[in-house]
Amino acid sequence: MAITEILLACLFSFTCTIGFGICFGIRKEELVWAGLAGVVTRIVLIICESLLFNRLFYTMVAALVGTLYAELVGMHKKVSIAKFLYPALVLLIPGDVLYEMIMAMIQLDQPAMMHHLVILAQALLGIALGSMIGPMLFRSYRREHRI
């Protein structure tokens, strides 16, 4: 991936997550932090996608980093992590794979449909696992410090 493509992906990620944050009702002063959540997640996704071949693992790592970012910013700002977690994870939703799977269903191409179904399941499982591991790491810290 060329550097211009990476920069454009980061710019679009920032813009899209800010737009999602506006729709989600995030306050103006927290929108930049929500936008940065998308950029952090996209950078990790680009790095992991180039290193790992399995969509489950690179989606899980990106979701984990996005969740850790949301936890840290939420603790720092003393607000709900959902304000930063949802924008961080929205970019990981595998709409491209869902589209390909539906197109294969319409074309009655069962092998392609099953292939895309497996990839879709891997991506969704990766998002779920990555967003569960982060809060588990911070649970004891929050209990000790009453955050």
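These exercises, with worked solutions, deal with a predicted model.

**Exercise 1. Helices α1 and α2**

Task: Find how α1 and α2 are oriented to each other, and which residues of the two helices meet.

Solution:
- Step 1. Take the geometry. Helix α1 covers residues 3-24. Its axis lies 8 Å from that of α2, and the two pack at an angle of about 140 degrees.
- Step 2. Classify the angle. Roughly antiparallel needs an angle over 145 degrees. The helices α1 and α2 are therefore oblique to each other.
- Step 3. Give the handedness. The crossing of α1 past α2 is right-handed.
- Step 4. List the contact. From α1 come Ile6, Ala9, Cys10, Ser13, Phe14, Thr17, Ile18, Gly21 and Ile22. They meet Leu31, Val32, Ala34, Gly35, Leu36, Gly38, Val39, Arg42, Ile43 and Ile46 of α2.
- Step 5. Sort the residues. In the contact of α1 with α2, 13 are nonpolar, 5 are polar and 1 is charged.

**Exercise 2. Helices α2 and α3**

Task: Classify the angle between α2 and α3, then describe their contact.

Solution:
- Step 1. Locate the helices. Helix α2 spans residues 31-51, and helix α3 spans residues 55-77.
- Step 2. Take the geometry. Their axes come within 8 Å and cross at roughly 155 degrees.
- Step 3. Apply the cut-off. Angles over 145 degrees count as roughly antiparallel. So α2 and α3 are roughly antiparallel to each other.
- Step 4. Give the handedness. The crossing of α2 and α3 is right-handed.
- Step 5. List the contact. The α2 side has Trp33, Leu36, Ala37, Val40, Thr41, Val44, Leu45, Cys48 and Glu49. The α3 side has Tyr58, Val61, Ala62, Val65, Gly66, Tyr69, Val73 and Lys77.
- Step 6. Sort the residues. The contact of α2 with α3 holds 13 nonpolar, 2 polar and 2 charged residues.

**Exercise 3. Cysteines**

Task: Explain why Cys10 and Cys48 form no disulfide, using the distances between sulfurs.

Solution:
- Step 1. Recall the bond. A disulfide is a covalent bond between the sulfur atoms of two cysteines.
- Step 2. Set the cut-off. The two sulfur atoms must be within 2.5 Å.
- Step 3. Check Cys10. Its closest cysteine sulfur is in Cys16, 12 Å away, so the pair is too far apart for a bond.
- Step 4. Check Cys48. Its closest cysteine sulfur is in Cys10, at 14 Å, which is also too far for a bond.
- Step 5. Give the total. By this rule there are 0 disulfides.
- Step 6. Add the surroundings. Cys10 is buried, at 13% relative accessible area. Cys48 is buried too, at 11%.

**Exercise 4. Positive phi in two loops**

Task: Place Lys78 and Leu108, and say whether each is buried or exposed.

Solution:
- Step 1. Look at the backbone of Lys78. Its phi is positive, about 60 degrees, although Lys78 is not a glycine.
- Step 2. Place Lys78. It lies in the loop between α3 and α4 (82-90).
- Step 3. Judge its exposure. Lys78 has a relative accessible area of 72%, so it is exposed.
- Step 4. Turn to Leu108. It is not a glycine, yet its phi is positive, about 60 degrees.
- Step 5. Place Leu108. It sits in the loop between α5 (95-106) and α6.
- Step 6. Judge its exposure. Leu108 is exposed, with a relative accessible area of 76%.

**Exercise 5. Val118**

Task: Which helix holds Val118, and how far is Val118 from Val97 in sequence and in space?

Solution:
- Step 1. Place Val118. It is in helix α6, residues 110-145.
- Step 2. Judge its exposure. At 46% relative accessible area, Val118 is partly exposed.
- Step 3. Compare positions. Val118 and Val97 are 21 residues apart in sequence. Their C-alpha atoms are 9.6 Å apart in space.

Definitions and conventions: Residues numbered from 1 in each chain as written. Predicted model: local features only at pLDDT ≥ 70, side-chain atom pairs only at ≥ 80, totals over all residues. Heavy atoms only, no water. Helix = DSSP H or I, 4+ residues; strand = E, 2+ residues; numbered from the N terminus. Buried < 20%, exposed > 50% of the residue type's maximum accessible area, 1.4 Å probe, protein only. Axes fitted to C-alpha atoms, helices over the stretch in contact; angles between N-to-C directions. Parallel < 35°, antiparallel > 145°, perpendicular 65-115°, else oblique. Left-handed = near helix turned anticlockwise from the far one by under 90°. Contact = heavy atoms within 4.5 Å. Nonpolar A, V, L, I, M, F, W, Y, C, P; charged D, E, K, R; others polar.
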